[in-house]
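Student: I have the sequence and the coordinates open. Take me through the contacts, please.

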There are 2 protein chains.
Amino acid sequence: MTPLSLQDLEAELKNLDGWTIEQGKLHREFKFASFVEAFGFMSSLALVSEANGHHPEWFNVYNRVTVDLTTHDAGGITQKDIDWAKTANKLA
Amino acid sequence: MTPLSLQDLEAELKNLDGWTIEQGKLHREFKFASFVEAFGFMSSLALVSEANGHHPEWFNVYNRVTVDLTTHDAGGITQKDIDWAKTANKLA
């Protein structure tokens, strides 16, 4: 895994509704109707994360979930992060 | 629910292994052997939180879970936060 070029990253971001780059990481805040929905979303993504061996940095308070993605081993944002973000958007 | 006095809070903290006050919130970082253990801990506490109507601010990256507790409605740390912290310590 190598970090995506800025050009590739910008192309991917066009198809990733709600995601931005913040401090070198792929970033999005999700807002749900309730804590149950927010944590249900996190639980689904926890299973996907563990299965793929790729885990997020994420923060939750009540109905909000804030996610930051990077691939530590690669030292940047890789296709793994893009794939995680796409899955998150599908599940949200 | 009213915020605990500083005196009561200090007394409670003596029985709350690992918890400190950070920026006016009850704070602790938990470290586990794996993401599975960390998220299992969060899942258990999510059920307790929802049942009690009292939810944490928490951050997770891989095997680490950082928690901040306060009672927004009361404008400070209350017995609800102390109870949540005790449950967390039992489950960790």
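Student: Which residues does Trp58(B) touch, not counting residues up to four places away in sequence?
Tutor: This is a predicted model, so local features need pLDDT of at least 70, side-chain atom pairs count only at pLDDT 80 or more, and totals for chains, interfaces and linings use all residues; side-chain values use heavy atoms, with hydrogens and water left out. Residues are numbered from 1 along each chain as its sequence is written, with chains lettered from A and ligands numbered from 1 in the order in which they are written. Contact means heavy atoms within 4.5 Å. By that rule Trp58(B) touches Phe35(A), Phe39(A), Trp58(A), Phe59(A) and Asn60(A) in chain A, and Met42(B), Leu45(B), Ala46(B), Val65(B), Thr66(B), Val67(B) and Trp84(B) in chain B.

Student: Which members of the largest nonpolar core touch the most other members?
Tutor: A nonpolar core is a set of buried Ala, Val, Leu, Ile, Met, Phe, Trp, Tyr and Cys residues joined through side-chain atoms within 4.5 Å. Buried means under 20% relative accessible area, exposed over 50%, and partly exposed in between, with a 1.4 Å probe and protein chains only. The largest such core has 45 residues. Those touching the most other members are Trp19(A), Trp58(A), Val65(A), Trp19(B), Trp58(B) and Val65(B).

Student: Which elements each supply at least two residues of this core?
Tutor: Elements here are DSSP runs, numbered from the N terminus: helices (H or I, at least four residues) and strands (E, at least two). Both chains contribute. In chain A and in chain B they are strand E2 (25-31), helix H2 (35-52), strand E4 (64-69) and helix H3 (79-91).

Student: What relation superposes chain B on chain A?
Tutor: The fit is by least squares on the C-alpha atoms of residues with pLDDT of at least 70 in both copies. A rotation of 180° with 0.0 Å of shift along its axis does it, at RMSD 0.0 Å. That is the relation of a two-fold axis.

Student: Which residue of chain B comes closest to the rotation axis?
Tutor: The distance is taken at C-alpha, and the value is 2.1 Å. The residue is Phe59(B).

Student: How many residues does each chain give to the contact?
Tutor: 100% of the interface residues of chain B are also interface residues in chain A, so the copies meet through the same surface. The contact takes 16 residues from chain B and 16 residues from chain A.

Student: Which residues of chain B lose the most area to chain A?
Tutor: Buried area is the accessible area (1.4 Å probe) that two parts lose on being put together, summed over both. Chain B and chain A bury about 1,400 Å² between them, with 74% of it on carbon and sulfur atoms. Three residues together make up 35% of what the chain B side buries. They are Phe35(B), Phe39(B) and Trp58(B).

Student: Which element gives the most to the side of chain B that touches chain A?
Tutor: The elements giving two or more residues to that side are H2 and strand E3 (57-61) of chain B. With eight residues, the top contributor is H2(B).

Student: How many salt bridges run between chain B and chain A?
Tutor: A salt bridge is a side-chain nitrogen of Lys or Arg within 4 Å of a carboxyl oxygen of Asp or Glu. The structure holds six over all chains. Between chain B and chain A the count is zero.

Student: Which side chain meets Glu12(A) in a salt bridge?
Tutor: Glu12(A) counts as buried at 17% relative accessibility. Glu12(A) lies in helix H1 (residues 6-13) of chain A and its partner in helix H3, so the pair ties together parts 74 residues apart in sequence. The N to O distance is 3.6 Å, and the partner is Lys86(A).

Student: Which residue forms a salt bridge with Arg64(A)?
Tutor: Arg64(A) is in strand E4 of chain A and the partner in strand E2, 35 residues apart. Arg64(A) counts as partly exposed at 30% relative accessibility. The closest N and O atoms are 3.5 Å apart, and the partner is Glu29(A).

Student: Which side chain does the side chain of Thr78(A) meet in a polar contact?
Tutor: A polar contact is a pair of N or O atoms within 3.5 Å; within protein, one must be able to donate a hydrogen and the other to accept it, and residues adjacent in sequence count only if both atoms are side-chain atoms. Thr78(A) lies in the loop between E4 and H3 of chain A. Thr78(A) is buried, with a relative accessible area of 0%. At 2.6 Å, its side-chain partner is Thr71(A).
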